[in-house]
Amino acid sequence: MNTVNDSYHSLLARHDAMRLRRQLLSPGARQAAEGSGERAGSPPPQRPYDGAADQRLIVDHLEPVTPFGDLIAHLYDAMFAHWPYLRRLFPESMEFQRRHLEGIFWYLIENLHDPDEVASVFTRLGRDHRKLGVRPAHYRAFEAALCEALRRTAGPRWNEAVEQAWVRMLRFAVAAMVRGAEAALGEPPAWQATVTGHELRRPDLAVLRVRTHEPYPYRAGQYAAVASPLLPQAWRQYSLACAPRPDGELEFHVRLAGRGGVSEALVTRTRPGDTLRLGPASGTMTLDDDLAHDLLLVATGTGWAAAKALLQDLAARRSAHCAAHLFLGVRHPSAPYDTEEPDELRRRYPWLQVTQVVGEGPGPGAHHALAEVVAGHGSWARHLAYVSGPPSMVGPLVARLTAGPSPALPAARIRHDPLPDRAQ
């Protein structure tokens, strides 16, 4: 990472440390604020946000600003023109960032009728964004740039009422992000980690082992954003491929997704001894403390990483006495890069059944075969399901499991990582 970014993040770390110290040294003021239901110095509580009303208004006037490509291009042009210093918070290539922001816009618009769900998601996002060095002032600059971009994109068809609905939506999300960032002051915004192992299992796939310089809290089934010093400010999310270990070593499975990005840096340009940065662990695809159901695990490609961690976690707590069935989708019999043969997995875990589904691969509808094989084994209505792989697999599989045969598996008992922008 360059010296400017290093200095900037060091300064932010010192500011966070001072803010945390002030919180710890003034428990009386904090308890008084908590007891009154308010933060010290905060405005009085406002009425609950009516997300459904803003959702209707935004959806009714989407046509002038969709597809979002032009809107997002105008937004970043405006933001970097008015606040050039913000450019250093973003990676050199903005392609992934633009796709990520488009996904966020669609998520907000489609879920605004459920403010509690949106607040929960963006609280976690605010915790995660601390690694980027984002501050409340940056959100204000983003809001101003968004308003300018909306007017420029829609032209004479725009109106003030719709713009204010967008602003309220953004402010609601930003408030949740700020709360998430404030609540995470006691943890590092990012963890430095040294690469302890790098194995090229295929020309396009590497297994990395790393050890953080400070304890890294996570649970089996979660994922983390990873950044390489070769591409400052560019982060990609990868599942942690192991349950927590006594020695603190972590494992990631990285498939080469394209040239010039984080995956290429990790697969082809990273060696033992190199330093990476990790964001906080995220994701809810974890085992319950009290396992009340047998487990169904379905994984393809590097989605095996999360399944592997879950199996290790389950093996470590065998007092649960539950069984598991793993469906492993592979393109051809020689495709598994990390798993043992199914017979070896069954020998290691007597409570595990393994079904390997050969023929999974890229292309439209390629993962529907896996969904049909899983569904064809009968009803999974009494199971808890964990699904890990690309969105093209997760979507059809979840739809098939919840469709039957009757009785179907309830959607609430199917767990998977967020579909947009996941690096598998």
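## A tour from strand β3 to helix α8

In this predicted model, start at A227 of β3, whose bridge partner in β4 is W235. Select β4, residues 235-239, together with β3: the two strands run antiparallel and are joined by five bridges.

Keep A227 selected and turn to β6, where R277 stands opposite A227. The neighbouring pair to pick out is V226 with L278 of β6. β6 covers residues 275-278; two bridges join this strand to β3, again in the antiparallel sense.

Now colour β3 by burial. Five of its five residues are buried. Show the side chains: Y223, A225 and A227 point one way, A224 and V226 point the other way, and both sets are buried.

From β6, move on to β1, residues 191-202. β1 and β6 pair antiparallel over four bridges. To find the register, select A193, which stands opposite L276 in β6.

**The largest nonpolar core**

Next, select F68, L75, Y76, F105, F122 and W166. Within the largest nonpolar core, which has 50 residues, these touch the most other members. The elements that each supply at least two residues of this core are α4 (69-82), α5 (95-111), α6 (115-129), α7 (136-154), α8 (160-183) and β3 (223-227). Which element gives the largest share? It is α8, with nine residues. In soluble globular proteins, nonpolar side chains tend to be buried together.

Centre the view on F68. Leaving aside residues up to four places away in sequence, F68 touches L62, E102, F105, W106, I109 and W166. Apart from the largest core lies another, of 28 residues; to locate this second core, select A307, L326, Y349 and W351, which are among its members.

**Helix α8**

Return to α8 and show its C-alpha trace. At 1.5 Å a residue, its 24 residues should span 34 Å, and the end C-alpha atoms are 34 Å apart, so the expected and modelled lengths agree.

At the N-terminal end, select N159. This residue caps α8, with a side-chain oxygen 3.1 Å from the backbone nitrogen of A161.

Then select the buried residues of α8: V162, E163, A165, W166, V167, M169, L170, A173, V174, A176, M177 and G180. An α-helix has 3.6 residues a turn, so residues three or four places apart point the same way. What covers the buried residues of α8? The covering elements include α3 (51-60), α4, α5, α6 and α7.

**Two cysteines**

Select C147. Its relative accessibility is 9%, and C147 therefore counts as buried, the cut-off being under 20%. Next, select C242, which is buried as well, with a relative accessible area of 3%. A search for disulfides across the whole structure finds zero.

**The whole protein**

Finally, zoom out and show the cartoon. The secondary structure comes to 13 helices and eleven strands. Of the 424 residues, 49% count as buried. Among contacts between residues at least 6 apart in sequence, 77% join residues at least 24 apart.

Technical notes. Residues are numbered from 1 along each chain as its sequence is written. This is a predicted model: local features need pLDDT of at least 70, side-chain atom pairs count only at pLDDT 80 or more; totals for chains, interfaces and linings use all residues. Side-chain values use heavy atoms; hydrogens and water are left out. A nonpolar core is a set of buried Ala, Val, Leu, Ile, Met, Phe, Trp, Tyr and Cys residues joined through side-chain atoms within 4.5 Å. Buried means under 20% relative accessible area, exposed over 50%, partly exposed in between (1.4 Å probe, protein chains only). Contact means heavy atoms within 4.5 Å. The expected span of a helix is 1.5 Å times one less than its number of residues. A polar contact is a pair of N or O atoms within 3.5 Å; within protein, one must be able to donate a hydrogen and the other to accept it, and residues adjacent in sequence count only if both atoms are side-chain atoms. A disulfide is a pair of cysteine sulfur atoms within 2.5 Å. Two strands pair if DSSP finds at least two bridges between them.
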